[in-house]
Amino acid sequence: MEDHFGASVRRFRLRAGLTQEALAERSGVSVSTIRGMETGKRRNPQLASLRRVAAELGLRPAEQDDLLAAAGVSEPPVVPVPRQLPAPPAPFVGRDHELARLDAALGPRADAQQGPRSGPAAPVAVCAIAGAGGVGKSWLALHWAHRNAHRFPDGQLFVDLRGFSPDSDPMDPAVAVRGFLDALGVEPDRVPIAAHAQAALFRSLVADRRMLLVLDNAADSAQITPLLPGGDSSTVLVSSRNRLPGLITGHGAHHVSLDMLTDTEARELLAARLGPARIDAEAAAVDELVRLCGGFPLALSIIAGRAHTDPHLPLADLADELREDTLDVLDDADPAASLPAVLSCSHRALTGAEAEVFGLLAVAPGPDIALAAAGSLTGLGRRRTRALLRRLEQTSLIAQDAGGRYRMHDLIRRYATAAHHLPAGTRGAALRRVLGFYLHTAYAAARLLDSHRTPVELAPPPPGCHPQALADIPAAMDWFEGEHRNLLAAQGAAVAAAEHRTAWQLAWTLYDFHYRRGHRHDQLAVWRIAADSAARLPDPGAQIITQRLLGRAHVVLGHHEEAIEALHRALDLSQQQNDRALQAQAHYTLASIWPDDRRALEHARRALDLYRGLDQPIAEANALNAVGWYAARLGRHDTGREHCQAALALYLDHQDVNGQAQTLDSLGYIDHHSGRHHAAVEHYRQAIGLYRDLDNTYEAADTLGRLGHPHAALGHHDQARAVWREARDLYRRQGRDLEAEHVEQLLNGLAGRDDADSGR
C-alpha cells in the first residue's frame, strides 16, 4: 500500500511540475515528510498534511479520495446538525411576560456559551413550562425555540414524550434517547445494547455541544432525567402538565407557570385566525366568546377553527351554542381539537382520592376556595385535603393564588362536573358540609362584628364540617372580604338545593359586613333571596326578620315604596304573632325610611315604648338614639340631646361600641345645629375613631361628611377640606355617587369662600 501511495504522490507532483522542495514550500509540509511519503518511509501520514498536499497538487475530488485510500486514511464521517423543531405555531399572541422569563433564564446563558468556559462545570440550563392541558405550553416552547434557534449552532433536538396522550402511554425515555442518537448520526452498529449505555453515549456526544433540547409533554421528572445532557453547554426546555418538583429540586430547573390568556390576547387570537373585519362586525358576539372561553387557548382555537371552516356562520350563533352546551361544542373526534379529550388525559392520571376531590371542587360554590372550606367540602380535614389539593395543583387542574386560595377554571369545572360522576349522596353531603362551613363561620364573624345583635338559631354543623375560628373584628372583616363572592354563591347553591333555612341565615350573617362596606346592591340581592326562602319555611320569625331587613336594604337605595311595603308586611306578621320585640324592630326600621321626620319620630317612639320592659337594653338604646335623632332633625335639640345621652349611657354600660359611635354622631349633629361647634367636632371625632376601630367605612364616610360643617363654621377651612375630601373618596369607593357629588359641591363652595376672603 505504501509503494502505491508513494508512487501516486510522485506521479501527481511531477504532473504539477513541482519539485519536492517547491511542494513543501507551497503546502507547508516539510521536505522530509514529502520525501518520506514518496519513498514509503513515512507511514500513517496525518490527514491534515495529506489534505494540504492534495490541495497544492490540484487534485480532483476523485483523485483525492484515491490518494487517501492509498494512504489507508479515510475522511471522518460528517456529523449531522439536527434541526428537529416542528413548525412554529401560528398565530402566536401574547405571552410577553413568560417569554421574558424564558429569556432571562435561558437567553443570557446561551449567549455566554459562545466563549470559552472556565471554572467548575455548572449544571445544564433547564426551564420547565407547566400548565393545564390546552393552555399553550408547546405553543410557547416552540415559539421561544424558533426565536432563539440561532443561539444553538450545534442543533436542536425535539421529542414529544406523550406524557398525557389520549391514545398512547408515556414514551419510555430509552426510546427518546435512541431517537436522539439516530439524529446525531450514530451508526446503528455503534449503538450499545443496554439502555444505560445508550444514555451515557448520548451524554458524551452532546457534552460539549451548544444544543437546544425541547422535551415536550413530559409526564414526570423520571421521564426527563435520562435525557439531560451531561455537560453545561446545552439548554433544555421542558413542557408538562405537572409542575415537576423533582426537576426543580434535583436539577435547579427554572419554573414558568402558564395561565390563561387575557381578554385582549384572546381577541387578538380570534382576530389573527378570522380577520379583524369579521371580529369588528360582531364585536358583542366576540366579547361573549371571549368570556365563555375564559382565555383558554385550546377552547379559543377550537372556536376559531369552527368559525374559519364555516365563514358564513354568525359568531353570535356560535356563542349561543357555546353558552348552551360548552363541552359539546368544544369536543371533536380529533383528540388534538377536543378540550374534553385533552382534559381526560389529566383526569385519568389521578388516583381515586384525587379524582374524587377533583369532582367535589366542581360542587363548591364560588370562584375559588380556601383550604379551611375545602377541608369541610371533602370531609377529610385540612391535612389530608391539603395533600390532595397539592397534587391537583401539580397536575395543573387547579391553581393556587398568592393568598393561598385554590381556583379551578370554569371550563375545567364543567369538565369535572360532567366527567367525574359523583353519587348523589356524596355530592349532597359535600354541599351540606361546605354550606355549613360558610354559614357557621360567617355567623361567628357576624357575632364578632356585633355581639349585641339578637342572635338566630342555627342547625348544628353536619359531620365532617369544621368551621373556621376567627379571633377579632379585623379577622372577621378580612374573612368576609376574602369569602364574599363565595358567600353570595353559597346562598344561591342553598336555594338550588332547597336549603332555605341556610339561604336566609346566610343573608343574616352578611348584614353587618355589607353595611360597613357599603355593599348596598349586594345587601338588597341577598335579602330578596332570603325573603323568598323564608316564605317557604313554617317559621314566622324568619319571615318577619327577612321582610324587615329587606325593607332596610330597599331604603338605603332610595326605594321608599318597596321599603314601606316590606316593612308593613313585617309589622303585620309580628302583630299576628303578638311578638312585642319583633313589632318594636319593625317600628324601629320604619322610622329610618320615612322622609317625613315627624312620621319617623312616631315610629321611633313606638319602638321605644315596645322595647321598654322587654329587658333588651341595647335595643332600647337603639330606640332612644333614634328618638333623639329625629327630634333633633325637627329642631328639638334639648329633647334630642336628652335621649341620645340616655342611649350613650346604656351603650357604655353594655360595651356596645357600634351603638356608642352612632350616638356620638347624633350628639355631634345636635351640637352643631345648636351652635356648639367645638363640642360637635369632638363628638364627631370620637365617633369616627370608633367606626375606624370597627372597620365601618360606610358610617365613617357619613360622619366625616358631617364633621366638615362645624369645622367650616369655626373657620377651620383646612380641616373641613381634609375631612370632606376623605368623605368624598370613601363615597366614591362605595359607589355612593350622589353623596360624593354633594361633598364635591361643599368643597367647591369652600374654595369659593377662600377666594372671596383672599380678595378682600
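The exercises below, each with a worked solution, concern two sheets, a helix pair, a pocket and two cavities of a predicted model.

Residues are numbered from 1 along each chain as its sequence is written, and side-chain values use heavy atoms, with hydrogens and water left out. In this predicted model, local features need pLDDT of at least 70 and side-chain atom pairs count only at pLDDT 80 or more, whereas totals for chains, interfaces and linings use all residues.

**Exercise 1. Describe the five-stranded sheet, from its strand order to the helix that lies across it.**

Solution. Begin with the terms: helices (H or I, at least four residues) and strands (E, at least two) are DSSP runs, numbered from the N terminus, and two strands pair if DSSP finds at least two bridges between them. The five strands form an open sheet in the order E2-E3-E4-E1-E5, and the pairing is parallel. Next, consider the edges: E2 and strand E5 (254-257) each have a single partner strand, so one side of each is left without a neighbour in the sheet. From one strand to the next, the twist averages 15 degrees, where angles run from 0 to 180 degrees between N-to-C directions and axes are lines fitted to C-alpha atoms, for helices over the stretch in contact. Then take one pair in detail: E2 and E3 are joined by five bridges in the parallel sense, and Phe 158 has Val 214 in E3 as its bridge partner. Finally, helix H8 (residues 173-183) lies across E2 and E3 and runs at about 150 degrees to E2, contact meaning heavy atoms within 4.5 Å.

**Exercise 2. Characterise the second largest pocket by its volume and its lining.**

Solution. On a 1 Å grid over the protein atoms alone, a pocket is an open set of points with protein on both sides within 12 Å along at least five of seven lines, a cavity is a set where a 1.4 Å probe fits but cannot get out, and lining residues have an atom within 4 Å of a point. The second largest pocket holds about 930 Å³ of space, a volume being the space filled by probe spheres set on the points. Its lining comprises 34 residues, and Gly 134, Ser 138, Leu 298, Ala 336 and Val 342 lie nearest the centre. Among the elements that each supply at least two lining residues are strands E2 (156-160) and E3 (212-218), together with helix H7 (137-147). By class, the lining has 18 nonpolar, eight polar and eight charged residues, with Ala, Val, Leu, Ile, Met, Phe, Trp, Tyr, Cys and Pro counted as nonpolar, Asp, Glu, Lys and Arg as charged, and the others, Gly among them, as polar.

**Exercise 3. Work out how H24 packs on H25, and which cavity H25 helps to line.**

Solution. Helix H24 (residues 473-496) and helix H25 (residues 500-517) pack at an angle of about 145 degrees, with their axes 9 Å apart. The residues that meet include Phe 480 and Leu 487 in H24, and Leu 506 and Phe 513 in H25. The contact has 13 nonpolar, six polar and three charged residues. Turning to the cavities, a search of the whole structure finds two of 30 Å³ or more, and the largest cavity holds about 110 Å³. Its lining includes Tyr 511, His 514, Arg 552 and Tyr 698, and H25, helix H26 (520-535) and helix H27 (540-556) each give two or more residues to that lining.

**Exercise 4. Relate the three-stranded sheet to the second largest cavity.**

Solution. The open sheet has the order E6-E8-E7, with antiparallel pairing, and its edge strands are E6 (368-369) and E7 (399-400). E7 and strand E8 (residues 406-407) pair over two bridges, and Ala 399 stands opposite Arg 407 in E8. The second largest cavity holds about 70 Å³, and among its lining residues are Asp 368, Ile 369, Tyr 406 and Arg 407. E6 and E8 are the elements that give two or more residues to this lining.
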